[in-house]
Amino acid sequence: MSRRQSYDGVVVTAPFSTPYQRYSTQTAHYWLARALKGTLDAAGLRKDGIDGLSVASFTLFPDSPVGLSQHLGVTLRWLDSIPMGGASGVVALRRAARAVQAGDAEIVACLAGDTNHIDSFRKLLSSFSRFAMDAAYPYGYGGPNSMFALLTDRYMQEYGATREDFGRIAVAQRDNALRNPNALMKKPLSLEDYLEARPISDPIALFDCVMPCAGAEAFLVMSEEEAVKRGLPFARVAGTIERHNAFPDDPIQLRGGWAVDVEDLWSMAGMKPADMDLVQTYDDYPVISMMQFEDLGFCGKGEAPAFLRDRDLTVTGDLPHNTSGGQLSAGQAGAAGGFLGMVEALRQVTRNAGPTQVADAKHALVSGFGMINYDRGLCSGAAILTGESA
Amino acid sequence: MNALTQMATALTSGEIEVVDLTHTLDPDFPVIILPPEFGQCARFRMEEVSAYDHRGPAWKWHNISMSEHTGTHFDAPVHWVSGRDVANGAVDEIPTEAFIGPVCVIDCSEGAAQDDDFELTPEIIDEWEATNGRIPEDTWVLMRTDWSKRRGADYLNMREDGPHSPGPTPEAIRLLVEERGIRGFGTETVGTDAGQGMHYAPPYPAHYILHGNGRYGLQCLTGLDRLPATGAMLICPPLKIRNGTGSPLRVLALVPKGTS
Amino acid sequence: MTDPLARPPKKNPQKVQTVPVLPPAFRSRAAMGLTAAAAEGRFKLQHCAECGAVQYPPRDACVSCLGLELLWKDTDPVGELIADTVVHTSPNLYFRRQAPWRCGTVRLNAGPSIFCHVHGDCLKGSDVRLLSRLDRAGQGVLIAIPKETTPNMADDPELRELGADPKHRRVLITDGRQPGAPALAKALLDAGAMTVFVGEGETWRPYPERSALEKMDGVHLMPLDLTDTSSVVELAGEIGGKVDILINNARFMRPGGVLARGDTAFARDEMEVNYLGLMRLAQAFGPGMKARGADGINNAAAWVNILSINAIANDPAYGSFNASQAAALSLAQSLRAELRPGGVKVMTVFCGPTDDDWYQDVPPPKLLPGAVARSVVQGLRDGVEDVWCGDVAKDYAERWRQDPRVLERELAGDMG
């Protein structure tokens, strides 16, 4: 039994994703406004209908979410900024849910989004973190690609994973993306294409990497009462975990913070991995998805290659995974990458996923991972969403 | 017509020729080398101040620096310890009449070609006078060696035991100063004394005797081969430097046509 | 093993000059400690004064005990290469040009894991040794090299990029008249320098070193007088485009401080040669070298000044000369900053008393020309900024670090 208080009475609703664009001349403000409008429209709300706002964005500079509140003309009694990249979806949900549960806010809009100018990825990298500036960029300046190349290399040495194993994840996600009209990647990807792709930072090649783009994602957190009153399809939050800077003494990252909290997650939810109808991992690189399957209890450490080899990860498969195509095939719109799985899972369990809908989806695991401060991702989190019919 | 107008006419007509006895001031022109622990003679140096550019758009000019004894130069009596108390011994005090006057040229070029340490002796002076007549009082005497035609290391001609270049013996310089009463003595070498002049008694006799007697020196002259043995006029005004011991200068000679 | 570096081909005159670009140069203040250590070629990391934990990346508080006193200390440089990658694409112009570039993670015996450059001969899973080096941006970086020497090890492109190895480079030694010039020229030729130009001033004045220099294959004597602007400009016009390493060994010195001398004549000569000479050289050769920082295998790589150790603390027996050395050192700092955009390093070789006429009444130990030459070559290979040549220089540097004021008094003979 978990010692933790449940999220009873709080629900998630009104998922909204903007289409993604490879490059945009617009600003983060534009993309976040578009996402706010989208989620409000989905709930039939005007902007004065919300009193809480949670924002995750890397390209809002020089503004913070405070500046954004004036920019967008929203009056708030609860405001949060989530600078946690790939973990921002789970973290935003956790905090907003507790705020609503405690009555500090009635309706919280959670937004994540970024623009992508030509050259903005390079500029973003150059000011990402102090450790990265001091101890990562001066060494080949491969950005996150090199860091993930190293831990992929180590993972392969340690557990005997092959590039084919990683490739299967990417190929399945591309299949899923072909169903998602918002996905940037429109062409099918074969395992051969994957293996023959141009090297980026060995053993990472082109299709191990996400495509930086512009876009935004949003959802609302409110009381169940409120959602019912408005007739909104919603999901409940069965369990969540969050962890930062786990296992700092590991010489190289082969596990994430999930491994610390995995039991807490399942016990809070009263479920087990096999109960999940779909899984949304944070897939900035396939190796990280593998680690999540391991660290979240789907298989033992180092067993993910074998575990996944026997599974079909497509929308119609036995373990639907990253059903919108994930970041690898839909694109990574900055901090919105941390919301992609959450918003998609919300659509899935509320049966609103359209062409990517997994049949009878009730329970979804959403996992987040973010902030390559130096040599590893520091933030991890996970949440289990349950459809209202469940 | 006074003498000057006659001279002007002669200059215009070319009856009198003007001969330049000066080396170009050049950073790479040799200067006298003393043992390193002594103070040294500054080389000629030139730094651009502007050249029609951002440092001065419409003009070009240089700052120059050098010793009083750099290049073709004048030695005043106060240059030497023997002349320290001579009246009017600094370049700014010397009566201007001294800077223009008749000049005798003793040709030692043949001897100097044979012997780097060739000496100008009383005998050579006697021989010269036998041909050209007695050296008049208050005259400039120049020792021609064609040394000015030497280039590079051959000019100072430094060896382990110091420089080797021609110059006057103490007896010769004494004869010129004490018996002939010359105004000054000039050479084509880097000093009025021979390269090995420190080994005479007194050391550096030309410097010692000339300046001790209030006479002047000229060195690093060039073009002496264009002067007649007698009959030319030397013009050698140094810069008017307060308490100056010498000065770089432009040395000219006026030479009757056909004798240069 | 590393492929031996081939002698660079002659330049294609129709090709546009490759513009120097630099690796990322921004660092936190704490991380500058790595640069300071690399400038001396020392592998140092932060150690917590309280608990001894070794930190990396550089921090402001101990990762282990939150202690606030973190000391940069020499550290065991050995560790295991546990992962590696070869970067093929980078958004950074420098690494884009340098690609493919090998990097990796070394688990240091001293504790932390370090992401670093990796020499091509390092084997994954094997022990490696970390070196601190200055990169082209002049910042401290770490590179893993094999624990044991491998054939042609210095020719590894990453290691070469982090140094200024004389091999296949063209060198100008500015003053052939210095007693150490022949030994220096020989050491550079032995180190594989393609050409050694040696400047000589006042060719009308013979000097004993000339005959030794004339005999060396690969040495070209060139007229150069640092006190004469026109001479410096003329030589730069002639060979400025092919000086990859400039070694300024010119020195004018006379004994004496301020009062005994009684005039400024020697002081002026000292400044003319030691300070203004450096400035003239820099103005004439600096811009060309800065522009040629990325010019292939024999790119412009380093500027070396050979100075007295008393540039950092004055010994009044040579007080005036030492002031000129301090001036030159300060000017070299400016030059270092000004050449940095070209990726050209500025190195100072600090010498104790040299075994020559001007230090004849100074007791031993004194530096022989060969020792200075070896220091210059090693310093170039290591790409450092400061070389302490000889025991006296090392001793002074250590005492200077401990307390400059005490050293000042010691040099003045105020202590027993």
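Visitor: Which residue follows H1(C), and what is the sign of its phi?

Guide: H1(C) is followed by C:Gly41, whose phi is positive, near 75 degrees. This is a predicted model, in which local features need pLDDT of at least 70 and side-chain atom pairs count only at pLDDT 80 or more, while totals for chains, interfaces and linings use all residues. Residues are numbered from 1 along each chain as its sequence is written, and chains are lettered from A in the order in which they are written.

Visitor: What makes residues 32-39 of chain C a helix, and which of its residues are buried?

Guide: Helices are DSSP runs of H or I with at least four residues, and strands are runs of E with at least two, numbered from the N terminus. Helix H1 of chain C has C:Leu34, C:Ala38 and C:Ala39 as buried residues, a word that applies if 20 or more other C-beta atoms, placed from the backbone, lie within 10 Å of a residue's own.

Visitor: Why are these said to line one face of the helix?

Guide: Seen down the axis of H1(C), the buried residues fall within an arc of 140 degrees, so they line one face; the arc is that of the directions from the helix axis to the C-beta atoms. Their cover includes strands S7 (127-134), S8 (140-146) and S15 (386-389) of chain C.

Visitor: How do you know that S13 and S15 of chain B pair?

Guide: Two strands pair if DSSP finds at least two bridges between them. Strand S13 (residues 232-235) and strand S15 (residues 252-256) of chain B have 3 bridges, in the antiparallel sense, and therefore meet that requirement. B:Met233 stands opposite B:Leu254 in S15(B).

Visitor: What makes S1 and S14 of chain B edge strands?

Guide: The open sheet of chain B has 9 strands in the order S1-S15-S13-S5-S7-S11-S12-S4-S14, with mixed pairing. Strand S1 (16-20) and strand S14 (246-248) each pair on one side only.

Visitor: How many residues of chain C are in contact with chain A, and what does contact require?

Guide: Two residues are in contact if their C-beta atoms, placed from the backbone, lie within 7 Å; 32 residues of chain C are in contact with 31 residues of chain A. S4(C) gives the most to the side of chain C that touches chain A, with 6 residues.

Visitor: Where do the domains of chain A begin and end, and how far apart are their centres?

Guide: The bounds come from an automatic or database domain assignment, which divides chain A into domain 1 (10-119 + 213-230) and domain 2 (134-211 + 236-387). Their C-alpha centres lie 23 Å apart, and the contact takes 32 residues from domain 1 and 37 residues from domain 2.

Definitions and conventions
Buried ≥ 20, exposed ≤ 12 C-beta atoms within 10 Å, placed from the backbone.
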